[in-house]
Amino acid sequence: MKLSEIKEILPALENVEFQLENGAFVPEHFHVTEVGQIIKNFIDCGGVFRTEKTVNFQLWNADDYEHRLKPGKLLSIIKLSEEKLGIEDAEIEVEYQSDTIGKYDLDFNGNTFVLKNKTTACLAQDACGIPTEKLNKSLSELTANQSNCCTPNSGCC
């Protein structure tokens, strides 16, 4: 989800709720402790220079049960971050503490924001010699080439 998308969604919500892919909810008393832009410059294993820009939200599970983040407040934090930091419209990455700091992509299911699990990948598979995925076919989908088949008593086997 891009920053522009969350800005369109927030005004229509009564509450801001985040849910993990496994169905567990981030506690209602969470705080958004940071909104910023992360610029990552790197070289992949194929020697290609790359730049990634993401908008970062950091969620913190506070023991502050008296406050709940409302959509208007989050929208004002986003707008202030855009103003003061020059944040661009990029994909949002959410940091949230579980066993360690987890990084998640963000989605919206119509009611709540969903923290989508992220995975690593090789960006230069052709340079690393990683084979492309094989196409899995069921044996019943394969058709036999009749000219290559041996028949009983034909002497070909």
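**Exercise 1. Work out how far helix α2 (residues 71-85) reaches and compare that with the expected span.**

Solution. Start by counting: α2 has 15 residues. The expected span is 1.5 Å times one less than the number of residues. From first C-alpha to last, α2 reaches 21 Å, close to the 21 Å expected. By the way, helices here are DSSP runs of H or I with at least four residues, strands are E runs of at least two, and both are numbered from the N terminus.

This is a predicted model, where local features need pLDDT of at least 70, side-chain atom pairs count only at 80 or more, and totals for chains, interfaces and linings use all residues. Residues are numbered from 1 along each chain as its sequence is written, and side-chain values use heavy atoms, with hydrogens and water left out.

**Exercise 2. Find which residues of α2 are buried, and where they sit.**

Solution. Buried means under 20% relative accessible area, exposed over 50%, partly exposed in between (1.4 Å probe, protein chains only). First, list the buried ones: Pro-71, Leu-74, Leu-75, Ile-78 and Ser-81. They cover an arc of only 120° around the axis (taken from the directions from the axis to the C-beta atoms), so they lie on the same side of α2. Next, flip to the other side of α2: Glu-83 and Lys-84 are exposed there.

**Exercise 3. Give the strand order of the sheet and pick out its edges.**

Solution. Six strands make an open, mixed sheet, ordered β1-β6-β5-β4-β3-β2. β1 (18-20) and β2 are the edges: each has a single partner strand, so one side of each has no neighbour in the sheet. Strands pair if DSSP finds at least two bridges between them.
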